[in-house]
Amino acid sequence: MLQNLVKNVWVPMKPYYTQAYQEIWLGMGLMSLIVYKIRSADKRSKALKASSPAPAHGHH
Amino acid sequence: MNENLFASFATPTMMGLPIAVLVVMFPSILFPSPNRLINNRLISIQQWLIQLTSKQMLTIHNQKGRTWALMLMSLILFIGSTNLLGLLPHSFTPTTQLSMNLGMAIPLWAGTVITGFRHKTKASLAHFLPQGTPLPLIPMLVIIETISLFIQPMALAVRLTANITAGHLLIHLIGGATLALINISATTALITFMILVLLTILEFAVALIQAYVFTLLVSLYLHDNT
């Protein structure tokens, strides 16, 4: 199955993946960096909210 | 009613497992690629449409830009087919999710910008200052051009999300109103139903137009940078 995948996908797409789309791979790296930053910030804020038992705004 | 309105935008699950990936991969089944010289009618029509679109879209590009032909055609096919399939009742449209559209917009936009900086560095930097600006305005204009550059991927993603989501929400709302009005007043329900029919025709157009606009803008950004 892997050989089929290589023959049908990788061999015809090789010039694209290796040369034409280099900048798009870099763009995907940038996007994954952004996703990681957002996810870690969300996790940090959720952990902060969970660890502090007192409500943030107090009772009015 | 509010809960029901937004329920159709939730991640699709089957027996508790998220099948969003399967839903995203589904439209590719509808475009088979046989290796025959003469195909059946369906595939011939698809190939003719793809050739028509690609010819129209790639005329403005030079040789470097035409290496993106496969990417642009896949983009317009994917967005068009997912938008159109989303008009079926009870279906999930991946392009209503901002995460998906940002995932399409950011790499492609970054790809065009990095292409520009890599191959034509001076010309790419020159894009930050329009021709013929008076001297005192230059710093402010560079800031404005930088902001407008960084807003491009956001605008691409949010435009697609908002258009498709708004259309789907309107269809839900007006359909619900039609159903509710049937018992109250049949004439008003009929008028609302006419509005629903017109809206659905509009949504068909919007589905295709948004695909076209997305791809056209990416192609324009590419043209600037190659």
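**Reading a predicted two-chain model**

Modeller: Let us begin with one residue, Gln46(B), which lies in helix H3, residues 41–58 of chain B. Please keep in mind that this is a predicted model.

Biologist: Is Gln46(B) buried or exposed?

Modeller: The limit to apply is a relative accessible area under 20% for a buried residue. Gln46(B) has a relative accessible area of 13%, and therefore it is buried.

Biologist: Which residues does Gln46(B) touch, leaving aside those up to four places away in sequence?

Modeller: With those sequence neighbours set aside, Gln46(B) touches Leu30(B), Phe31(B) and Pro32(B).

Biologist: How should I describe the chain around this residue? Which elements does chain B have, and in what order do they run?

Modeller: Chain B has nine helices and two strands. Read from the N terminus, the order is α-β-β-α-α-α-α-α-α-α-α. Its C-alpha atoms fill a box of roughly 70 × 55 × 40 Å along the principal axes.

Biologist: What share of the residues of chain B is buried, and what supplies its exposed area?

Modeller: Of its 226 residues, 35% count as buried. The chain exposes about 13,700 Å², and carbon and sulfur atoms supply 73% of that area. As for contacts in chain B with a separation of 6 or more, 70% of them come from residues 24 or more positions apart.

Biologist: How do the corresponding values read for chain A?

Modeller: Chain A has two helices and zero strands. Buried residues make up 12% of its 60 residues. It exposes about 5,400 Å², of which carbon and sulfur atoms supply 67%.

Biologist: How does one express the size of the interface between the two chains?

Modeller: The size of an interface is often given as the accessible area lost when the parts come together. Here, chain A and chain B bury about 1,100 Å² between them, with 73% of it on carbon and sulfur atoms. In terms of residues, 13 of chain A are in contact with 15 of chain B.

Biologist: I should like to turn to charge. How many positive and negative side chains does chain B have, and how far apart are the centres of the two sets?

Modeller: Chain B has 9 positive and 4 negative side chains, and the two centres lie 23 Å apart.

Biologist: How many salt bridges are there over all chains, and how many between chain A and chain B?

Modeller: Side chains of opposite charge can pair when their charged atoms come close. Over all chains the count is two salt bridges, and between chain A and chain B it is one.

Biologist: Which side chains meet in the salt bridge between the chains?

Modeller: Glu23(A) and Arg118(B) meet there, at 3.0 Å from N to O. The pair crosses from helix H2 of chain A, residues 22–51, to helix H6 of chain B, residues 98–119. Glu23(A) counts as buried because its relative accessibility is 3%, whereas Arg118(B), at 48%, counts as partly exposed.

Biologist: Where do the partners of the salt bridge between Lys46(A) and Asp42(A) lie, and how far apart are they along the chain?

Modeller: Both are in helix H2 of chain A, four residues apart, so about one helical turn separates them. Their side chains meet at 3.0 Å, N to O.

Biologist: How accessible are Lys46(A) and Asp42(A)?

Modeller: Lys46(A) counts as exposed, at 52% relative accessibility. Asp42(A), at 37%, counts as partly exposed.

How values were computed:
Residues are numbered from 1 along each chain as its sequence is written. Chains are lettered from A and ligands numbered from 1 in the order in which they are written. This is a predicted model: local features need pLDDT of at least 70, side-chain atom pairs count only at pLDDT 80 or more; totals for chains, interfaces and linings use all residues. Side-chain values use heavy atoms; hydrogens and water are left out. Buried means under 20% relative accessible area, exposed over 50%, partly exposed in between (1.4 Å probe, protein chains only). Contact means heavy atoms within 4.5 Å. Accessible areas come from the Shrake-Rupley method with a 1.4 Å probe; for residues, only the protein chains shown count as cover. Lys and Arg count as positive and Asp and Glu as negative; His and the chain ends are not counted. The place of a charge is taken as NZ of Lys, CZ of Arg, CG of Asp or CD of Glu. Buried area is the accessible area (1.4 Å probe) that two parts lose on being put together, summed over both. A salt bridge is a side-chain nitrogen of Lys or Arg within 4 Å of a carboxyl oxygen of Asp or Glu.
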